[in-house]
Amino acid sequence: MPDRPARVRVVLAEVGRPRAADRTRIDLAEQNQVGEALLRGLIRAQFALAVRLAVVVLIGLGGLPLLFAIAPSVTTVKVLGVNLPWLLLGGVSFPFLLAVGWTYVHLAERNDQDFTALVQRHDP
């Protein structure tokens with residue numbers, strides 16, 4: 001009789017109920033009520049962040065014309081030979097917008113990391 005290969009026993013790893021993190025991932029993938037609630041929370045957090053920073057931009061840049069209207073003497077001030085309104089609107093506004101943009105990206109990524117941590121918090 002020819003030699004037969006040795007038998008190998010195959011065992012499935014822990015068949016049973018999925019872990020909490022797996023269940024959360026399934027909820028997200030299936031877009032059921034729990035998954036939709038989680039995604040709505042993330043979207044709501046990102047939207048709130050965007051609105052807060054838009055208000056900062058509106059106050060920061062929108063307040064300049066108000067300043068010029070309330071205190072017209074500010075419009076005659078010169079810094080390095082350039083009128084102050086031109087310097088503020090043309091020179092200072094761009095670094096301000098870059099700073100707000102960087103802040104938004106940083107905080108939005110943190111929101112995403114918090115969301116990911118929430119989804120994966122039950123992983124061993």
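## Nonpolar surface patch

In this predicted model, helix 3, which covers residues 84–120, supplies the largest share of a nonpolar surface patch, namely three residues. The patch has an area of about 670 Å² and is formed by V77, V79, L80, V82, W86, L87 and V92.

One of the patch residues, V92, belongs to helix 3. V92 is classed as partly exposed because its relative accessibility is 43%, and the class lies between the limits of 20% and 50%.

## Geometry of helix 3

Helix 3 contains 37 residues, and at 1.5 Å a residue it should span 54 Å; the distance of 52 Å between its end C-alpha atoms therefore agrees with expectation. The helix nevertheless bends by about 40° at V92, and the proline P95 follows within four residues. V92 thus appears both at this bend and among the residues of the nonpolar patch.

Several positions of helix 3 are buried: L84, P85, L88, S93, V100, A108, N111, F115 and V119. The list includes the polar residues S93 and N111. Over the whole chain of 124 residues, buried residues account for 18%.

## Chain architecture

Three helices and two strands make up the secondary structure elements of the chain. Read from the N terminus, their order is α-α-β-β-α. Helix 2 comprises residues 33–70, and a loop separates helix 2 from strand 1, at 78–79.

## Annotated transmembrane regions

An unreviewed UniProt entry lists two stretches, residues 49–72 and 84–105, under "transmembrane region". In the model, residues 49–72 are 92% helix and 0% strand, with end C-alpha atoms 34 Å apart. For residues 84–105 the helix content is 100% and the strand content 0%, and the end C-alpha atoms lie 30 Å apart.

## Contacts across the intervening segment

Two residue pairs relate positions that are separated in sequence. F68, located in helix 2, has its C-alpha atom 7.8 Å from that of P85, although the two residues are 17 positions apart in sequence. F68 counts as buried because its relative accessibility is 14%, which is under the 20% limit. P85, its partner in this pair, is likewise listed among the buried residues of helix 3.

The second pair joins T75 and W86, which are eleven residues apart in sequence and 8.9 Å apart in space, C-alpha to C-alpha. T75 lies in the loop between helix 2 and strand 1. With a relative accessible area of 30%, T75 is partly exposed. W86, the other member of the pair, is one of the residues that form the nonpolar patch.

Terms used:
Residues numbered from 1 in each chain as written. Predicted model: local features only at pLDDT ≥ 70, side-chain atom pairs only at ≥ 80, totals over all residues. Heavy atoms only, no water. UniProt positions renumbered as here; feature names shortened; annotations may be inferred. Patch = residues over 30% accessible without salt bridge, like charges linked within 9 Å, V, L, I, M, F, W, Y side chains within 5 Å. Areas by Shrake-Rupley, 256 points an atom, 1.4 Å probe, with all protein chains shown as cover. Salt bridge = Lys/Arg side-chain N within 4 Å of Asp/Glu carboxyl O. Buried < 20%, exposed > 50% of the residue type's maximum accessible area, 1.4 Å probe, protein only. Expected span 1.5 Å × (residues − 1). Bend = angle between axes of the 7 residues up to and from the residue.
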